Amino acid sequence: MRIKVLGSAAGGGFPQWNCGCSNCDHARRGLHGFRPRTQAQVAVSPAPAAWFLPNASPDLRQQLLQDPEFAPAKSTRGTPVSALILMSADVDCVMGLLHLREFQPLRVYATPSVLRVLKEENSLFRSLERSVPPVQWEALPLDRPVSVFQHGEAKSILTCKAVPLGGDYPDYVSAGLRKNLANDEAVIGLEFVQNGKKFFYAPSLSGRDEAWKCHARESDLALIDGTFWTDDELIDVRGSGKTARQIGHVPLSGPGGMLEQFPRDAKGRRVLIHLNNTNPALDEASAASGTLRDAGWEVAYDGMEFEL
Ligand SMILES: [Zn+2]
């Protein structure tokens, strides 16, 4: 299994268009140690020239165009991307679907509740159904491995399991629909398994549910929520607002933070993704970056690749 990081920042990217915080200012001026990043997106490949996408970032068109592996064969229409798996109904997870609307047949997996949010309240996504055959919306069950992709011999089949992460539905979901949605289907992590190798992906982790820890412990690669360094990070920059935990992200530092909660006996690589532009870990010379390195963490960047 190959995994590519096409984008590694949280919503808004880095720098963020309307933010003048010191991180964004330094990135905008091209200072050393402040690497610009597009909004979080990874691609997973179980076999040559076969890819699927967990989520569809607002930067997806640019991210696919920048990498020749996603180009159609010369003189053809098509894509090596055959499926997407939506991990929540957040704008940052679904907006990129609209970049894929050019009459391209695709399969789109999501929990039944997230499918309802997209199909019942957001008619814009019907633009995906003009392709022949139309986009197939597929319900993804919780806690059960699904063969998203089959290629070659049975032993190389890749499976994907949805793991509930305890987050909330986005604010834009109406109160009427919200009360009919399953709480544990709002935000999921994904565990991919192929040939005995495990990849755990959880870019939005609320920390309210503990089930993610056993998946993180067993994985050969964990790409994990690195959105905020402190719980009050957004309040410090904006002067008001919500804490990291209130918007569904356990902060990295502090009591009960990710650095404390992540299983110490985890066997694989631990890599942070989905960093908000305010996170001091985006400054490679910061004390936060040093703390992460000392604790064995890596910070994802656009273009980072893994092979399991
Ligand atoms: Zn900023």
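What follows is a friendly exchange about a predicted model and the reasons behind some of the terms used for it.

Biologist: Let's start with threonine 243. Where does it lie, and why is it called buried?

Modeller: Threonine 243 sits in the loop between H7 and H8. Its relative accessible area is 14%, and buried means under 20%, so threonine 243 is called buried.

Biologist: Which residues is threonine 243 in contact with, leaving aside its neighbours within four places in sequence?

Modeller: Asp231, Asp232 and Ile235. The word contact applies because heavy atoms within 4.5 Å are what it requires.

Biologist: What makes you say that strand S3 is mostly covered?

Modeller: Five of the five residues of S3 (residues 50-54) are buried. Ala50, Phe52 and Pro54 point one way from the strand, while Trp51 and Leu53 point the other way.

Biologist: How do you know that S3 pairs with S2?

Modeller: Pairing calls for at least two bridges, and S2 (residues 41-47) and S3 have two, in the antiparallel sense, so they count as paired. In this pairing, alanine 47 stands opposite alanine 50. The two strands form a hairpin with two residues between them, and alanine 49 in the turn has a positive phi of about 60°.

Biologist: And what makes S4 a partner of S3?

Modeller: Four bridges join S3 to S4 (residues 81-85). Since at least two are needed, the strands pair, and they run parallel. Phenylalanine 52 has alanine 83 in S4 as its bridge partner.

Biologist: Now the seven-stranded sheet. Why are S7 and S13 called edge strands?

Modeller: The open sheet has the order S7-S8-S9-S10-S11-S12-S13, with mixed pairing. S7 (146-149) and S13 (297-299) each have a single partner strand, so one side of each is left without a neighbour in the sheet. Neighbouring strands here are turned by 30° against each other on average, direction ignored.

Biologist: How do you know that S12 and S13 pair?

Modeller: S12 (residues 269-273) and S13 share three bridges in the parallel sense, and at least two are required, so the pair qualifies. Arginine 270 stands opposite tryptophan 297 in S13.

Biologist: Which residues of helix H9 are buried, and what covers them?

Modeller: In H9 (residues 287-294), Ala288, Ser289, Gly290 and Leu292 are buried. Their cover includes helix H8 (258-261), S12 and S13. After H9 comes glycine 296, with a positive phi near 85°.

Biologist: On to the pockets. What is the volume of the largest pocket, and which residues are closest to its centre?

Modeller: The volume is about 950 Å³. Of the 43 residues that line this pocket, Asp90, Asp92, Ile247, His249 and His274 are the closest to its centre. Helix H3 (91-94) and helix H7 (233-238) are the elements that give two or more residues to the lining.

Biologist: How does that lining divide by class?

Modeller: There are 18 nonpolar, 18 polar and seven charged residues. Asp counts as charged and Ile as nonpolar, so Asp90 and Asp92 are charged and Ile247 is nonpolar.

Biologist: What lines the second largest pocket?

Modeller: Its space is about 570 Å³. Of its 20 lining residues, Leu64, Gly78, Thr79, His99 and Leu100 lie nearest the centre. Helix H2 (residues 60-65) gives the most, with three residues. By class, this lining has ten nonpolar, five polar and five charged residues. Gly counts as polar, so Gly78 is polar here.

Technical notes
Residues numbered from 1 in each chain as written. Predicted model: local features only at pLDDT ≥ 70, side-chain atom pairs only at ≥ 80, totals over all residues. Heavy atoms only, no water. Axes fitted to C-alpha atoms, helices over the stretch in contact; angles between N-to-C directions. 1 Å grid on protein atoms, 1.4 Å probe; cavity = no way out; pocket = protein on both sides within 12 Å on 5 of 7 lines; lining within 4 Å. Points joined across faces, edges and corners; volume = space filled by probe spheres on them. Buried < 20%, exposed > 50% of the residue type's maximum accessible area, 1.4 Å probe, protein only.
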